[in-house]
2 protein chains.
Amino acid sequence: MTGGFLPEVALDRTSPVPLYFQVATRLQQLIEDGEMPVGGRLENEVDLATRLGVSRPTMRRAIQYLVERGMLVRKRGVGTQIVHPKVRRPVELSSLYDDLAKSGQEPRTEMRLFEIRPAPDHIAEALGVPEGTEVTWFERLRYAGGEPLAIMHNAVPVDVLPLRREDLEQHGLYELLRAAGRIPRMANQVVGARAATTAEARMLGDSRGAPVLTMTRTAWDESGRAVEYGSHLYRASRYSFELTLTS
Amino acid sequence: MTGGFLPEVALDRTSPVPLYFQVATRLQQLIEDGEMPVGGRLENEVDLATRLGVSRPTMRRAIQYLVERGMLVRKRGVGTQIVHPKVRRPVELSSLYDDLAKSGQEPRTEMRLFEIRPAPDHIAEALGVPEGTEVTWFERLRYAGGEPLAIMHNAVPVDVLPLRREDLEQHGLYELLRAAGRIPRMANQVVGARAATTAEARMLGDSRGAPVLTMTRTAWDESGRAVEYGSHLYRASRYSFELTLTS
DNA sequence: GTCAACACTTTGTCCTGACAAAGTGCAAGG
DNA sequence: CCTTGCACTTTGTCAGGACAAAGTGTTGAC
């Protein structure tokens, strides 16, 4: 009748980590390690709260956190169920560099252009800054596994982050933004496809007319400040976008 | 000093609509109508709660709701700020049909194949169902504005929703799923590009080798049950994906 | 004039308590 | 046998209070 059984959970009330987060993290561990049966039900939140020695609101908040991440589903009058693992997976706002590095593909960056200039109109509009605002504008050729993969054009307002050519050759743009505390929290992307021009094909080591993926993106930080505009071109034969959507 | 000024807000305590939601909706209206200055600060939550005659938790929940939707930003010790409108816009899990209908492009659907059959291995795996599970498998050619736009292959488990050929010819798949209460809440998509084969090009009214956008998707409902698998092909010259990401 | 300590404002966390609403299952009545 | 209604369980909503933590600005010492 009780459904799930919850093993010992140790909470540290002296820790600066919020209680509800400690509870949520512990629950998440148990679920991911498979100690809580998938599809099974959690104990009801009142008992759970009592047993862990926290108040019901705190327990609710912990559960709510996991519901938002897609790990749990609640139904009034029924209970809380554990969702099949396949469904989960948070939306990550990551950059190509991060993705490549994570999958062990050894990214390499070749800087083709690097200048500080007033933003062209369409870029200023995309960034939501006044026309003529100074941006760092650069074009990079990204290699993975020794082969060219993408041509990337980017603009970053100079007052958001002063970029140095050397940094960009050795690190991903998002990595640099994060390090500076200008963390991208929201992004608007348009993904399309077209045939490569002769020049593009030559740079990518592909043949003329080969299909390429196009992606233009504007990214904002948590305060709504635009931090980056990008217009990228990927070899379709070597790259595709994977993304998780939640309503 | 107070920053934003909040006009009269009428709350209906007899309504079944939760108080926090009434407050959130009203706030959202005021912001979207531009009555609250963008970039401006809200009153602090304690005063706000007092003035509206609700408790602080309720007020917090209303604000939290708008924070999650990207309309507000809060900083401890500072206050709550209204984010620039450009950044907002919720991720919508919509279908091509909905999108076209909304933008007034008059979608038309031509059914090329419609059968009930055991799911092929790779589709069964994508859906997370046992091999051989019965699915409705169909291929549609989607027109917009009189011209072909996409070739769409889809599989829907029969025990999720029994589909009829006639319905699919006149409605979008997502529309039908929603009407049946199997609402897609989460989806995993892979977007890529390649050159069209001769057969594909002929169907799409394009030339052989023309770039096409490919998209494969699995969608789940709120309980984690897979409701749809799709493998679509779009004319790159006429379609692109627009999406908003949040971390 | 500069810098550090302190006060103040504002959001974050956490508690207790109470009632409402929705789903489930059982039992009584037709 | 089927349906209706009631009881029970479980999550949802709401209130009020208390203290903590972080950011801002001011004041005072040097």
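**Entry 1: chain A overall**

I started with chain A and found eight helices and nine strands (helices are DSSP runs of H or I with at least four residues, strands are runs of E with at least two, numbered from the N terminus). Its radius of gyration is 23 Å, well over the 18 Å that the globule rule gives for 247 residues, so chain A is more spread out than a compact globule. For that I took the radius over C-alpha atoms, and the rule is 2.2 Å times the number of residues to the power 0.38. Along the principal axes, the C-alpha atoms of chain A fill a box of roughly 70 × 40 × 30 Å.

Notes to self: this is a predicted model, where local features need pLDDT of at least 70 and side-chain atom pairs count only at pLDDT 80 or more, while totals for chains, interfaces and linings use all residues. Residues are numbered from 1 along each chain as its sequence is written, chains are lettered from A and ligands numbered from 1 in the order written, and side-chain values use heavy atoms, with hydrogens and water left out.

**Entry 2: domains**

I looked up the domain assignment of chain A, which gives domain 1 (19-87) and domain 2 (96-235); such bounds come from an automatic or database assignment. The C-alpha centres of these two domains lie 39 Å apart.

**Entry 3: DNA strand C**

Which residues come nearest to DNA strand C? I got A:Leu19, A:Ser55, A:Thr58, A:Arg61 and A:Arg76, out of 25 residues around the strand (near means a heavy atom within 4 Å). Sugar and phosphate make up 69% of the strand C atoms that come within 4 Å of the protein.

I then checked polar contacts (pairs of N or O atoms within 3.5 Å; within protein, one must be able to donate a hydrogen and the other to accept it, and residues adjacent in sequence count only if both atoms are side-chain atoms). A polar side-chain atom of A:Arg13 is 2.9 Å from a phosphate oxygen of strand C. B:Glu45 uses a backbone N or O atom, 2.9 Å from a phosphate oxygen. At B:Gly77, a polar backbone atom sits 3.1 Å from a base oxygen.

Which element gives the most to this surface? H3(A) does, with four residues.
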